[in-house]
Amino acid sequence: MNISLELPSDLENELSTEAARLKLPLTEYVLRILSLRPDLENPPKTGAELITYWEKAGVINSRPDILNSQDHARKIRHQAETREQS
């Protein structure tokens, strides 16, 4: 099925930016958002359901460049603790 939509330019820019950040074509990103609609009507209630939701939404494993999350968190914490105060 094909659907044509006239989106406000700010919404189009927001969707395009997010799709580019995820390295997805805009159409695939919009389909992803629409496919998550049932989860919004029935939000996760347990930790396991939340993990499943995050995996489906692409949040978990969305940063393949981070090989060790604990090391990455330590680096961020160290940067925050040692940055210069102005």
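## Exercises on a five-helix chain

Glu18 has a relative accessible area of 25%, which puts this residue in the partly exposed class. Keep that value handy for the second exercise. The model you're looking at is predicted.

**Exercise 1. Describe the fold: how many helices and strands does the chain have, and is the chain spread out or a compact globule?**

Step 1: Start by counting elements. You should find five helices and zero strands.

Step 2: Now walk along the chain from the N terminus. The order reads α-α-α-α-α.

Step 3: Check the radius of gyration. For 86 residues the globule rule gives 12 Å, but this chain comes out at 18 Å, well over that value, so the chain is more spread out than a compact globule.

Step 4: Add the extents. Along the principal axes, the C-alpha trace spans about 55 × 35 × 25 Å.

Step 5: Finish with the surface. Just 7% of the 86 residues count as buried. The chain exposes about 7900 Å², and 54% of that area comes from carbon and sulfur atoms.

**Exercise 2. Work out what links Glu18 and Arg21, and how far apart they sit along helix α1.**

Step 1: Recall the idea behind it. Side chains with opposite charges can pair when their charged atoms come close.

Step 2: Look at the distance. The N to O distance between the two side chains is 2.7 Å, and they form a salt bridge. The cut-off is 4 Å, so a distance within that limit passes.

Step 3: Place the pair. Helix α1 covers residues 9-21, and Glu18 and Arg21 are three residues apart in it, so about one helical turn separates them.

Step 4: Compare the exposure classes. Glu18, at 25%, is partly exposed, while Arg21, at 55%, is exposed.

**Exercise 3. Which side chains meet in the other salt bridges, one with Arg63 and one with Arg74?**

Step 1: Get the total. Searching the whole structure turns up three salt bridges.

Step 2: Take Arg63. Its side chain meets that of Asp65, with 2.8 Å from N to O. Arg63 is partly exposed at 45%, and Asp65 is exposed at 53%.

Step 3: Take Arg74. Its partner is Asp71, at 3.4 Å from N to O. Both belong to helix α5 (residues 69-82), and because they are three residues apart, about one helical turn lies between them.

Step 4: Read off the accessibility. Arg74 has 46% and Asp71 has 36%. Partly exposed runs between the 20% and 50% limits, so values in that range get this label.

Step 5: Zoom out to the charges. The chain carries 11 positive and 14 negative side chains, and the centres of these two sets are 7 Å apart.

**Exercise 4. Where are Lys23 and Asn61, and what is the sign of phi for Lys23 and for Asn61?**

Step 1: Know what to expect. Most residues other than glycine have a negative phi.

Step 2: Check Lys23. Its phi is near 60 degrees, which is positive even though the residue isn't glycine. You'll find Lys23 in the loop between α1 and α2 (26-35), and at 74% relative accessibility it counts as exposed.

Step 3: Check Asn61. Here phi is about 70 degrees, again a positive value in a residue that is not a glycine. Asn61 sits in the loop between α4 (47-57) and α5, and its relative accessible area of 71% makes it exposed.

Methods. Residues numbered from 1 in each chain as written. Predicted model: local features only at pLDDT ≥ 70, side-chain atom pairs only at ≥ 80, totals over all residues. Heavy atoms only, no water. Helix = DSSP H or I, 4+ residues; strand = E, 2+ residues; numbered from the N terminus. Rg over C-alpha atoms; globule rule 2.2 N^0.38 Å. Buried < 20%, exposed > 50% of the residue type's maximum accessible area, 1.4 Å probe, protein only. Areas by Shrake-Rupley, 256 points an atom, 1.4 Å probe, with all protein chains shown as cover. Lys, Arg positive; Asp, Glu negative; His and termini not counted. Charge placed at Lys NZ, Arg CZ, Asp CG, Glu CD.
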